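Here are a few short exercises to work through with the model open beside you. Try each task first, then compare your steps with the solution.

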Amino acid sequence: MQNFVTRFVKDESGATAIEYGLIAALISVGIITAAGALGNNIANKFNDVSTKVGAA
């Protein structure tokens, strides 16, 4: 039983998986935020072009 507890305490594979999961989640949030901002900028640019073409 003591051997099992010792192996369990020394096992860090679960912690590593959680860390990789957190890193992936943070990267995903950054990509989603950047894509949203880029999408808004592109939409604004198309609206500007549309307004200028409509006025011409």
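**Exercise 1. Place Asp 11 in the predicted model and find out whether it is buried, partly exposed or exposed.**

Solution. Start with the secondary structure: Asp 11 sits in the loop that joins H1 and H2. Next, take its relative accessibility, which is 49%. Exposed requires over 50% and buried requires under 20%, so Asp 11 counts as partly exposed. Finally, look along the chain to Leu 38, 27 residues away in sequence: the two C-alpha atoms are 43 Å apart in space.

**Exercise 2. Do the same for Glu 12, and give its C-alpha separation from Val 29.**

Solution. Glu 12 also belongs to the loop between H1 and helix H2, the latter covering 13-55. Its relative accessible area is 58%. That is over the 50% cut-off, so Glu 12 is exposed. Val 29 lies 17 residues from Glu 12 along the chain, and 26 Å separates their C-alpha atoms.

**Exercise 3. Locate Lys 52 and classify its exposure.**

Solution. Lys 52 is part of helix H2. With a relative accessibility of 64%, Lys 52 is classed as exposed. For a sense of distance, pair Lys 52 with Ala 24: they are 28 residues apart in sequence, and 42 Å apart from C-alpha to C-alpha.

**Exercise 4. Work out why the protein chain is described as more spread out than a compact globule.**

Solution. First count the elements: the protein chain has two helices and zero strands. Then compare the radius of gyration, 25 Å, with the 10 Å that the globule rule gives for 56 residues; the value is well over the rule, so the chain is more spread out than a compact globule. The box filled by the C-alpha atoms, roughly 85 × 10 × 5 Å along the principal axes, gives the dimensions. As a last step, check burial: buried residues make up 0% of the 56 residues.

**Exercise 5. Describe the surface of the protein chain: its area, its nonpolar patch and its charges.**

Solution. The chain exposes about 5100 Å², and carbon and sulfur atoms supply 68% of that area. Met 1, Phe 4, Val 5, Phe 8 and Val 9 together make a nonpolar patch of about 620 Å². One of these residues, Met 1, lies in the segment before helix H1 (2-10), and its relative accessibility of 79% makes it exposed. For the charges, count 4 positive and 4 negative side chains; the centres of the two sets are 7 Å apart.

Notes:
Residues are numbered from 1 along each chain as its sequence is written. This is a predicted model: local features need pLDDT of at least 70, side-chain atom pairs count only at pLDDT 80 or more; totals for chains, interfaces and linings use all residues. Side-chain values use heavy atoms; hydrogens and water are left out. Helices (H or I, at least four residues) and strands (E, at least two) are DSSP runs, numbered from the N terminus. The radius of gyration is taken over C-alpha atoms; the globule rule is 2.2 Å times the number of residues to the power 0.38. Buried means under 20% relative accessible area, exposed over 50%, partly exposed in between (1.4 Å probe, protein chains only). Accessible areas come from the Shrake-Rupley method with a 1.4 Å probe; for residues, only the protein chains shown count as cover. Lys and Arg count as positive and Asp and Glu as negative; His and the chain ends are not counted. The place of a charge is taken as NZ of Lys, CZ of Arg, CG of Asp or CD of Glu. Patches are made of residues with over 30% relative accessible area and no salt bridge: like charges are joined within 9 Å, nonpolar side chains (Val, Leu, Ile, Met, Phe, Trp, Tyr) within 5 Å. A salt bridge is a side-chain nitrogen of Lys or Arg within 4 Å of a carboxyl oxygen of Asp or Glu.
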